[in-house]
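Here's a quick tour for anyone opening this one for the first time. Take a look at the sequence and the 3D view, then read on.

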Amino acid sequence: MNYAAEKNNKVYVTGEIVSDKTFSHEVYGEGFYEFFLKVMRLSGQADILPVTVSERLIEAHDLKKGSGSIQKL
């Protein structure tokens, strides 16, 4: 079993941000924000995914409504 992979919280997604980010909650002084991401399926249908992300990652990436792809969060 790969224990390093179990402790890793990385995900790679490509889609379009379809909502403005809103404050969700704070843990140990770190703020978290939520937004929705539209991800297209191969069938042409779209899934709208809820995303919660740390404010540290928002500062490092240009996460705003209409943004194209989000990778390596």
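What follows is a short briefing, from the overall layout down to single residues.

Keep in mind that this is a predicted model. Its mean pLDDT is 82, and the chain has 73 residues, 21% of them buried. Two helices and four strands make up its elements.

**Overall layout**
- Going along the sequence, you'll meet the elements in the order α-β-β-β-β-α.
- Take the contacts between residues at least 6 apart in sequence: 37% of these link residues at least 24 apart.
- About 5700 Å² of the protein is exposed, and 51% of that comes from carbon and sulfur atoms.

**How far to trust it**
- A pLDDT of 70 or more is reached by 82% of the residues.
- Strand β3 has the highest mean pLDDT among the elements, at 94.
- At the other end sits helix α1 (residues 3-6), with the lowest mean, 64.
- As a general caution, predicted coordinates shouldn't be read in detail where pLDDT is low.

**The nonpolar core**
- Eight residues form the largest nonpolar core: I17, F35, L37, V39, V51, V53, I58 and L63.
- Two elements, β3 (30-40) and β4 (46-54), each give two or more residues to this core.
- The top contributor is β3, which supplies three residues.
- For background, nonpolar side chains in soluble globular proteins tend to be buried together.

**The β2 and β3 hairpin**
- Strand β2 (residues 22-27) runs antiparallel to β3, and the two pair over five bridges.
- One spot to find in the view is H25, which stands opposite F32 in β3.
- Two residues lie between the strands of this hairpin, where Y28 takes a positive phi near 50 degrees.

**A closer look at G66**
- You'll find G66 in the segment that comes after α2 (55-60).
- Is G66 buried, partly exposed or exposed? It counts as partly exposed, because its relative accessibility is 48%, and that class covers values between 20% and 50%.
- Which residues does G66 touch, once neighbours within four places in sequence are set aside? The answer is E16 and I17.
- G66 and I17 are 49 residues apart in sequence, yet their C-alpha atoms are 5.3 Å apart in space.
- I17 also turns up in the list of residues in the largest nonpolar core.

Note on methods: Residues numbered from 1 in each chain as written. Predicted model: local features only at pLDDT ≥ 70, side-chain atom pairs only at ≥ 80, totals over all residues. Heavy atoms only, no water. Core = buried A, V, L, I, M, F, W, Y, C linked by side-chain atoms within 4.5 Å. Buried < 20%, exposed > 50% of the residue type's maximum accessible area, 1.4 Å probe, protein only. Contact = heavy atoms within 4.5 Å. Areas by Shrake-Rupley, 256 points an atom, 1.4 Å probe, with all protein chains shown as cover. Pairing = 2+ DSSP bridges. pLDDT = per-residue confidence, 0-100.
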